[in-house]
Amino acid sequence: YHPSKVEIEAVMTVAYLSLALYGAAVGGWTGALIDKDQNSKLGAWVTIFNICSGGLGVLLSGFFTQHFSPDLAALLVFVIFLSPMLTFFFIPAPPPDEVLASESFLRFGREVLSLLKRREILVSLLIFTLPSASFALTNTLGGWGKEFHASPGMVSFFGGVGAMLAGVVGSFLIPPIAKKFQLRPMYLAIGILGACFTLSLLLLPRAPGTYGLAFLGENIFQAAAFATAYAIIYDVIGKGNPLAATIFALLTNAMNFPIVYMEVVDGHGFDWHGVTGAFMADAIVSGGICVILWIVLFHILRVQKMRPTAESLA
């Protein structure tokens, strides 16, 4: 039996939809259970899990499909990928409400609209949807190995093991730093430092070592940005929030959105002036947006600090 393209697309659509719903449910569930001082730690571990599990999943899936029959390979992938769900039995969960499904959908629409009236969600949406710390170069560097005279083996190594190690390092950097700085300015600072790193790569020769440094550095900065973004999301959710899954889905989709269109920007930069143009486009756009958002965020924080004083005087 050979499935048609329509059948394959239908299965993939259902699979990706299920993955999105699963991620939102688990992310909102765990985010509503933790205290405020644990946001950065959970954000780091979620990022590490996403990076490492994705890489490990690709490796295992490839190994199983190459060495076993399709049925056995599918069964092994099914069992291994679902095994982490066994931990759910040990995680506390709030009891379901007794609202009818028809009423819950109507309430869901009202609640989504009410979310857009919360300042912290609007600020987070602004920060995430703009390309402040997307580091989309991590998705395009894999195709530019020849520009640095890097061998296919080297490209594969840095795209697999290198990206995973860099992701772990970048994620682990966030919890200790988050103890000293506020999350949102820290997220923008990561974007500015990452943009400076990208520009500094233009000063180095087009050599395999430069390619490795670029791959590791961009992945470290992206992992740090993702870990901080997740911490911001958990901070917005707060403990015991009934809209946790909705908020998680809304903000994580906003966080991933810039990666899509920044790849287009980087591609135009590459067409304009090769790797130099791509690096310049990515760094200038992302760094410039971060500086603008930093000014806007600083103004918002200053207004929030002055407001209690003004109210007390009144």
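# Close-up views of a predicted model

**View 1. Helix α9, end to end.** Helix α9 takes in residues 183-200, which is 18 residues, and its first and last C-alpha atoms are 26 Å apart, close to the 26 Å expected at 1.5 Å a residue. Keep in mind that this is a predicted model. Plenty of α9 is tucked away: the buried residues are Leu183, Arg184, Pro185, Met186, Tyr187, Leu188, Ile190, Gly191, Gly194, Ala195, Phe197 and Thr198.

**View 2. Leu188 and what surrounds it.** Now zoom in on Leu188, which is found in helix α9. Its relative accessibility is 0%, so Leu188 counts as buried. Leaving out residues up to four places away in sequence, Leu188 touches Ile127, Ser132, Cys290, Leu293, Trp294 and Leu297. Thr276 makes a handy landmark here: Leu188 and Thr276 are 88 residues apart along the chain, and 24 Å separates their C-alpha atoms.

**View 3. Helix α9 alongside helix α10.** Here α9 meets helix α10, residues 208-237; their axes come within 9 Å and cross at roughly 170 degrees. That angle makes α9 roughly antiparallel to α10. The crossing of the pair is left-handed. Sorted by class, the residues in this contact are 15 nonpolar, 4 polar and 3 charged.

**View 4. Helix α5 against helix α10.** Helix α5, residues 119-129, also packs with α10, at an angle of about 165 degrees and with the axes 10 Å apart. This makes α5 roughly antiparallel to α10. The crossing of α5 and α10 is left-handed. On the α5 side, look for Glu120, Ile121, Ser124 and Phe128; they meet Ala229, Ile232, Ile233 and Val236 of α10. By class, that contact splits into 6 nonpolar residues, 1 polar and 1 charged.

**View 5. Helix α2 and its cover.** Helix α2 runs over residues 39-67, and its 29 residues should span 42 Å at 1.5 Å a residue; the end C-alpha atoms sit 41 Å apart, which agrees. Its buried residues are Asn39, Ser40, Leu42, Gly43, Ala44, Val46, Thr47, Ile48, Gly57 and Phe64. What covers them includes α1 (5-31), α3 (70-82), α7 (152-172), α8 and α10.

**View 6. Pro175 in helix α8.** Pro175 belongs to helix α8, residues 174-178. Its relative accessibility is 13%, and being buried means under 20%, so Pro175 counts as buried. Setting aside neighbours within four places in sequence, Pro175 is in contact with Ser40, Lys41 and Ala44. Two of these contacts, Ser40 and Ala44, are on the list of buried residues in α2. To place Pro175 relative to α9, use Ile190: the two are 15 residues apart in sequence and 14 Å apart in space, C-alpha to C-alpha.

**View 7. Two loop residues with positive phi.** Most residues other than glycine have a negative phi. Phe135 has a positive value, with phi near 50 degrees. You'll find Phe135 in the loop between α5 and α6 (137-140). Is Phe135 buried or exposed? Phe135 is buried, with a relative accessible area of 4%. The other residue is His149, which is not a glycine either and has a positive phi of about 60 degrees. The loop between α6 and α7 is where His149 sits. At 59% relative accessibility, His149 counts as exposed.

Conventions:
Residues are numbered from 1 along each chain as its sequence is written. This is a predicted model: local features need pLDDT of at least 70, side-chain atom pairs count only at pLDDT 80 or more; totals for chains, interfaces and linings use all residues. Side-chain values use heavy atoms; hydrogens and water are left out. Helices (H or I, at least four residues) and strands (E, at least two) are DSSP runs, numbered from the N terminus. The expected span of a helix is 1.5 Å times one less than its number of residues. Buried means under 20% relative accessible area, exposed over 50%, partly exposed in between (1.4 Å probe, protein chains only). Axes are lines fitted to C-alpha atoms, for helices over the stretch in contact, and angles run from 0 to 180 degrees between N-to-C directions. Angles under 35 degrees count as roughly parallel, over 145 as roughly antiparallel, 65 to 115 as roughly perpendicular and the rest as oblique. A crossing is left-handed if the near helix is turned anticlockwise from the far one by less than a right angle, and right-handed if clockwise. Ala, Val, Leu, Ile, Met, Phe, Trp, Tyr, Cys and Pro count as nonpolar, Asp, Glu, Lys and Arg as charged, and the others, Gly among them, as polar. Contact means heavy atoms within 4.5 Å.
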